[in-house]
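Subject: Structure handover

Hi,

Here is the structure I promised to pass on. Have a look at it first, and my notes on what turned up are underneath.

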Amino acid sequence: MLAKPDYLNDLKNTGDFLTLSRNNEWHLEPSEFTLENGTGVTVHDTGVIEFQPKVTTTKDIVLSSAVHGNETAPIEICDDLIKTIIKGELELNQRVLFIFGNPKSINIGLRFVEENLNRLFNGHHTVEGVPMNDERKRAAKLEQYVTDFFSRGQQGSARYHYDLHTAIRGSKNEKFAVYPYLHGKPWKKSQLQFLLSCGVNTVLMMKSPATTFSYYSSYVHGADSFTVELGQVKPFGENDMARFAKTKQTLTALISQKEVQYPHFNASDFELFAVHRTINRTQEDFSFPFSDDAENFTGFAKGELLATDGDTPYYADVEGEAIIFPNANVALGQRALLTVTPMQVDSNFV
Ligand SMILES: O=C(O)CCC(=O)N[C@@H](CCC(=O)O)C(=O)O
Ligand SMILES: [Zn+2]
């Protein structure tokens with residue numbers, strides 16, 4: 001039995017786990033309690049709270065936000081869901097682990113404190129000769145919380161992880177998801193249907209391993225896992241939450257219903273893209289020829305300049321090569337740009 005920390009009554013009354021996490025940036029004493037409807041609640045750490053319904057469950061669901069602290073809309077969605085669950089207004093039928101990835105970076109309103117958390121998963125937090133910092137320690141702990149959560153699920157339960165973000169730039173396709181590299185396994189139409197129900201009709205298929213949270217859950221735990229970009233970064237209070245209504249409704253149904261029916265798969269509902277290449281920044285002197293308001297999914301003509309890394313120019317090598325996540329300010333060695341090309345549904349979808 002865990003001790004009863006001072007924060008417990010307040011958390012039970014308000015459901016405000018976000019504020020509690022923000023007030024305890026890197027550590028929070030664990031605790032547990034049970035809601036009147038029988039759902040067990042476990043606070044594992046700051047930003048990490050688990051809900052275990054009394055009924056038999058079939059899904060183990062991780063919903064993460066604030067892996068980047070300034071991406072506020074997903075934080076607001078998860079904050080609301082947590083509050084409604086703790087206040088007994090939403091009854092769960094599935095196990096859920098909510099994660100606010102980096103509470104300190106929420107407080108400073110920045111993507112990260114010292115180092116981009118989403119470049120530290122899948123073991124990249126611990127590298128010989130590289131000093132640990134708070135974000136590296138956090139990535140290691142988050143991996144452990146996810147491991148423990150999935151390992152305590154019912155035998156045969158389906159595993160899901162939706163890592164919710166917003167993009168720095170505007171996007172021609174406002175909402176889109178990144179499907180982590182599956183090492184040859186087929187992409188799932190049922191997951192695309194889930195995403196569509198969230199209002200996400202655009203999906204990028206990665207073709208190599210990554211250091212991201214979603215790749216980690218997919219690769220290590222076999223979860224259906226995605227990075228989901230829900231729009232453009234805005235400060236708290238400036239998000240038009242109506243734009244996220246479908247996402248919130250779909251997540252609510254996922255965690256509260258025994259089974260959710262999505263409409264039949266129709267390829268023409270989607271815009272799918274294959275990652276064409278990744279361009280890393282290797283030199284201090286790295287630049288793009290386009291402005292900061294060039295949107296994600298802007299296509300370039302074959303032969304047009306995409307980026308310059310020191311003395312190395314990168315030109316579009318296929319017609320319509322489109323830019324995703326251009327960021328010239330990333331740390332040396334990190335991804336400064338992804339490019340994509342359209343793809344069709346084929347036999348590698350089940
Ligand atoms: O808009 C941007 O430049 C970045 C938005 C963001 O945080 N995207 C994720 C994508 C992760 C993935 O590739 O699955 C990231 O860069 O970490
Ligand atoms: Zn992000």
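A charge counts as sitting over a ring here if NZ of Lys or CZ of Arg is within 6 Å of the ring centre and within 35 degrees of the ring normal. With that in mind, Arg 95 lies over the face of Phe 149, at 4.2 Å from the ring centre. Please remember throughout that this is a predicted model.

**Aromatic pairs**

Staying with rings, a search of the whole structure turns up 18 aromatic pairs. Two of them are worth pulling up in your viewer.

Start with Phe 121 and Phe 213. Their ring centres are 4.2 Å apart and their planes are at 10°, which is under the 30 degrees cut-off, so the pair is stacked. What does the contact tie together? Phe 121 lies in the loop between helix 4 (103-108) and helix 5 (134-151), while Phe 213 is in helix 7 (residues 213-221), so the pair ties together parts that are 92 residues apart in sequence. Both Phe 121 and Phe 213 are buried.

Then there is Trp 187 with Phe 349. Here the ring centres are 5.0 Å apart and the planes are at 45°, so this pair is tilted. It also links distant parts of the chain: Trp 187 is in the loop between strand 7 and helix 6 (189-197), Phe 349 is in the segment after strand 16 (335-343), and the two are 162 residues apart. Trp 187 and Phe 349 are both buried.

There is a cluster as well: ring pairs link Tyr 160, Tyr 162, Tyr 179, Phe 194, Phe 226 and Tyr 262.

**Strands 6 to 9**

Strand 9 (residues 224-232) is a good place to start, being mostly covered, with eight of its nine residues buried. Which strands does strand 9 pair with, and in which sense? Strand 6 (residues 158-167) pairs with strand 9 in the parallel sense over seven bridges, and Leu 164 stands opposite Val 228 in strand 9. Strand 7 (residues 176-179) pairs with strand 9 in the antiparallel sense over three bridges, with Thr 227 in strand 9 as the bridge partner of Val 178.

Val 178 also stands opposite Leu 204 in strand 8. Strand 7 and strand 8 run parallel and are joined by four bridges. In a regular strand the side chains alternate between the two faces of the sheet. Strand 8 (residues 202-205) has Thr 202 and Leu 204 pointing one way and Val 203 and Met 205 the other way, and all are buried.

**A three-stranded sheet**

Further along the chain there is an open sheet of three strands in the order 11-13-14, with antiparallel pairing. Strand 11 (286-287) and strand 14 (312-315) are the edge strands, each pairing on one side only. Strand 13 (residues 305-309) is joined to strand 14 by four antiparallel bridges, and Leu 305 stands opposite Tyr 315 in strand 14.

**Cavity and pockets**

How many cavities of 30 Å³ or more are there? The count comes to one, and the volume of the largest cavity is about 340 Å³. Of the 29 residues that line the largest cavity, the closest to its centre are Arg 111, Arg 119, Glu 229, Phe 325 and Arg 335. Strand 6, helix 7, strand 9 and strand 16 are the elements that give two or more residues to this lining, and strand 6 gives the most, with three. By class, the lining of the largest cavity divides into 13 nonpolar, ten polar and six charged residues.

As for open space, the largest pocket holds about 400 Å³. It is lined by 18 residues, and Ile 168, Asn 327, Ala 328, Asn 329 and Val 330 are the closest to its centre. The lining of the largest pocket has eight nonpolar, four polar and six charged residues.

The second largest pocket holds about 330 Å³. Of its 17 lining residues, the closest to the centre are Arg 119, Ala 210, Thr 211, Gln 334 and Arg 335. Its lining has five nonpolar, eight polar and four charged residues. Arg 119 and Arg 335 are therefore names to look for twice, being among the residues closest to the centre of both the largest cavity and the second largest pocket.

Cheers

Methods
Residues numbered from 1 in each chain as written. Chains lettered and ligands numbered in written order. Predicted model: local features only at pLDDT ≥ 70, side-chain atom pairs only at ≥ 80, totals over all residues. Heavy atoms only, no water. Buried < 20%, exposed > 50% of the residue type's maximum accessible area, 1.4 Å probe, protein only. Pairing = 2+ DSSP bridges. Phe/Tyr/Trp six-rings, centres within 6.5 Å; stacked < 30°, edge-to-face > 60°. 1 Å grid on protein atoms, 1.4 Å probe; cavity = no way out; pocket = protein on both sides within 12 Å on 5 of 7 lines; lining within 4 Å. Points joined across faces, edges and corners; volume = space filled by probe spheres on them. Nonpolar A, V, L, I, M, F, W, Y, C, P; charged D, E, K, R; others polar.
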